[in-house]
Amino acid sequence: MTASVAIRPGVFDDRAGIEALYPDAFPDEDLLPVVRQLLDMRSGVLSLVAVDGEAIVGHVIFTDCGLSDADARLALLGPLGVVSARHGKGIGSALVREGHERLRQAGITHVFVLGDPAYYGRFGFAAETGVAPPFELPVSWRDAWQSLALDNAAKPPRGTLSVPEPWNDRALWAP
Ligand SMILES: CC(C)(COP(=O)(O)OP(=O)(O)OC[C@H]1O[C@@H](n2cnc3c(N)ncnc32)[C@H](O)[C@@H]1OP(=O)(O)O)[C@@H](O)C(=O)NCCC(=O)NCCS
């Protein structure tokens with residue numbers, strides 16, 4: 001990552017910069033509705049921005065989750081986006097790693113993601129089979145459902161991931 005980029009928690013004034021980033025990073029997908037709903041949540045959301053001076057060049061959200069039938073301190077990673085002009089410079093990796101460190105300190109034991117294993121594998125994410133996503137995934141997406149243990153001493157969770165309302169939308173879990 002370039003030395004001029006810093007990672008910090010997002011604040012209210014970052015909203016316009018965050019909202020400008022997503023159509024650029026995801027030209028074929030409209031993630032703004034879910035991003036806005038997540039940022040409107042009063043708690044249970046970790047929003048981190050990558051900033052270069054005044055410019056927001058990357059953003060990630062981690063959302064607190066649980067299990068449908070047991071106590072667990074889990075999180076869902078997503079969305080993650082970096083402005084297209086700055087891809088491949090380590091910004092996405094820095095956002096993910098900073099998020100994991102903050103979640104670990106907060107007592108979250110496992111992080112889940114629905115994403116490309118070729119990318120998330122570099123952080124240690126591996127295919128998840130013990131915890132089901134909130135909606136059944138199409139067969140072609142099953143490899144994309146992954147998790148990472150932040151606390152290796154924690155018992156592996158089993159069950160179905162329980163997500164807050166913005167993620168409780170089947171359309172977000174299917175092509
Ligand atoms: C995916 C994304 C967040 C990565 O951020 P980034 O800052 O470009 O990534 P980093 O610089 O940390 O890592 C770059 C590495 O990841 C690889 N990479 C990026 N996207 C990848 C993908 N979808 N699959 C496999 N590898 C990927 C790059 O080839 C590069 O590899 P290298 O280190 O071997 O050269 C960014 O490319 C992006 O915003 N893409 C569009 C939105 C998106 O797809 N988000 C992820 C949703 S699951």
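This passage describes the ligand site and one histidine in a predicted model.

The ligand occupies the largest pocket. Its shell holds 18 residues. Val82, Gly88, Gly90, Gly92 and Ser93 are the closest of these. By class, the shell comprises 8 nonpolar, 7 polar and 3 charged residues. Three secondary-structure elements each contribute at least two shell residues. These are strand β4 (70–82), helix α3 (91–105) and helix α4 (117–120).

Backbone atoms of the protein approach oxygen atoms of the ligand at several positions. At glycine 92, a backbone N or O atom lies 2.7 Å from a ligand oxygen. At valine 82, a polar backbone atom is 2.8 Å from an oxygen atom of the ligand. For lysine 89, the separation between a backbone N or O atom and a ligand oxygen is 3.1 Å. Taken alone, the ligand exposes 890 Å². The protein buries 63% of that area.

Histidine 110 was examined separately. This residue belongs to strand β5, which spans residues 110–114. The relative accessible area of histidine 110 is 6%. Histidine 110 therefore counts as buried, because its value falls under the 20% cut-off. Its side chain also takes part in a polar contact. The partner is the side chain of threonine 109, at 2.8 Å.

Technical notes: Residues are numbered from 1 along each chain as its sequence is written. This is a predicted model: local features need pLDDT of at least 70, side-chain atom pairs count only at pLDDT 80 or more; totals for chains, interfaces and linings use all residues. Side-chain values use heavy atoms; hydrogens and water are left out. A residue is near a molecule or strand if one of its heavy atoms lies within 4 Å of it. A polar contact is a pair of N or O atoms within 3.5 Å; within protein, one must be able to donate a hydrogen and the other to accept it, and residues adjacent in sequence count only if both atoms are side-chain atoms. Accessible areas come from the Shrake-Rupley method with a 1.4 Å probe; for residues, only the protein chains shown count as cover. On a 1 Å grid over the protein atoms alone, a cavity is a set of points where a 1.4 Å probe fits but cannot get out, and a pocket is an open set with protein on both sides within 12 Å along at least five of seven lines; lining residues have an atom within 4 Å of a point. A molecule sits in a cavity or pocket if more than half of its atoms lie within 2 Å of its grid points. Helices (H or I, at least four residues) and strands (E, at least two) are DSSP runs, numbered from the N terminus. Ala, Val, Leu, Ile, Met, Phe, Trp, Tyr, Cys and Pro count as nonpolar, Asp, Glu, Lys and Arg as charged, and the others, Gly among them, as polar. Buried means under 20% relative accessible area, exposed over 50%, partly exposed in between (1.4 Å probe, protein chains only).
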